[in-house]
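Visitor: Before the terms are applied, I should like to hear how each one is justified. Please take me through the reasoning step by step.

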Amino acid sequence: MTLEAHCESPSSLMETVMARALSDDPRERALEAGTAGESARSITARFGMGISTAIRWLRRERESGERVARRQGRARRSRLDAHEAFIVDEARKNITPSEMMARLQSERDIGIGRSMLSRWLRSTDGHSEQRLEQER
């Protein structure tokens with residue numbers, strides 16, 4: 001038997017399988033119940049959440065007083081972060097973006113486009129966009 005047999009559409013299948021973020025209201029109510037002495041298992045049955053979620057929320061509140069949701073997902077990293085020293089050194093030589101891309105390709109085996117280089121330089125806050133616009 002498959003999940004598809006019980007679902008009307010692909011979107012309802014996604015809702016069945018994928019977790020969703022809970023709002024702050026159920027979190028607050030669950031934490032209040034935990035503070036009042038209710039067990040994590042009874043909180044999960046009462047509010048319809050996973051046992052690991054309730055345990056994690058109660059532990060965080062007990063250990064650090066944290067009652068708000070943390071940001072979901074992982075931090076976005078760039079392939080260029082590992083080569084920051086090289087890029088900064090090359091940028092100090094006042095080379096053009098095309099030269100920078102060529103050096104990254106030949107010396108570091110990193111193939112990137114102008115937009116990626118421009119975005120990365122802007123995100124590091126130490127380099128002027130003017131260097132990139134000189135070649136345009």
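**Confidence and assignments**

Guide: Within the protein chain, the element with the lowest mean pLDDT is helix α8 (residues 130–133), at 45, and the one with the highest is helix α3 (residues 40–47), at 93. The model is a predicted one. For the protein chain the mean pLDDT is 79, and 74% of its residues reach 70 or more.

Visitor: Over which residues does the pLDDT stay under 50?

Guide: The pLDDT stays under 50 over residues 127–136, for which the model has 21 contacts beyond four places in sequence. Residues 1–5 also have a pLDDT below 50. Where pLDDT is low, the predicted coordinates should not be read in detail.

Visitor: What makes up the secondary structure of the protein chain?

Guide: The secondary structure comes to eight helices and zero strands. From the N terminus on, the order is α-α-α-α-α-α-α-α.

Visitor: How many of the 136 residues count as buried, as a percentage?

Guide: Of the 136 residues, 29% count as buried. The accessible surface of the chain comes to about 9900 Å², and 48% of that belongs to carbon and sulfur atoms.

Visitor: Why is the pairing of D25 with R29 called a salt bridge?

Guide: The criterion requires a side-chain nitrogen of Lys or Arg within 4 Å of a carboxyl oxygen of Asp or Glu. For D25 and R29 the closest N and O atoms are 3.3 Å apart, so the pair satisfies the criterion. D25 and R29 are four residues apart in helix α2 (residues 24–35), and are therefore separated by about one helical turn. An α-helix has 3.6 residues a turn, so residues three or four places apart point the same way.

Visitor: Are D25 and R29 buried, exposed or partly exposed, and how do you know?

Guide: Partly exposed is the class between under 20% for buried and over 50% for exposed. D25 has a relative accessibility of 45% and R29 has 42%, so both D25 and R29 are partly exposed.

Visitor: What makes R46 and E38 a salt bridge, and which class does each residue belong to?

Guide: The N to O distance between the side chains of R46 and E38 is 2.7 Å, so the 4 Å limit is met. R46 has a relative accessible area of 53% and is therefore exposed. E38, at 24%, is partly exposed.

Visitor: How do you know that E90 is buried, and which residue does its side chain meet in a salt bridge?

Guide: The limit for buried is under 20%; E90 has a relative accessible area of 4%, so E90 is buried. Its side chain meets that of R103 in a salt bridge of 2.4 Å, N to O. This pair links distant parts of the chain, with E90 in helix α5 and R103 in helix α6, 13 residues apart. R103 is partly exposed, at 28%.

Visitor: How many salt bridges does the rule give, and which residues are linked in a network?

Guide: The count comes to nine salt bridges. E28, E32, E61 and R67 are linked in a network of them.

Visitor: What makes a set of residues a nonpolar core, and which residues have the most contacts inside the largest one?

Guide: Membership requires buried residues of the nonpolar kinds, joined through side-chain atoms within 4.5 Å. The largest core has 14 residues, and those with the most contacts inside it are L80, I87, M100, L104, I112 and L117. Helices α5, α6 and α7 each supply at least two residues of this core, and α7 gives the most, with four. Another core, of ten residues, lies apart from it and includes A30, A33, W57 and L58.

Visitor: Which residues does I112 touch?

Guide: Leaving aside residues up to four places away in sequence, I112 touches R79, L80, M101, L104 and L117.

Visitor: Which class of exposure does N94 belong to, and which does D109?

Guide: N94 has a relative accessible area of 46%, so N94 is partly exposed. D109, at 62%, is over the 50% limit and therefore counts as exposed. N94 has a positive phi of about 60° although it is not a glycine, and lies in the loop between α5 (84–92) and α6 (97–108). D109 also has a positive phi, near 60°, and its place is in the loop between α6 and α7 (114–124).

Technical notes:
Residues numbered from 1 in each chain as written. Predicted model: local features only at pLDDT ≥ 70, side-chain atom pairs only at ≥ 80, totals over all residues. Heavy atoms only, no water. Buried < 20%, exposed > 50% of the residue type's maximum accessible area, 1.4 Å probe, protein only. Contact = heavy atoms within 4.5 Å. pLDDT = per-residue confidence, 0-100. Areas by Shrake-Rupley, 256 points an atom, 1.4 Å probe, with all protein chains shown as cover.
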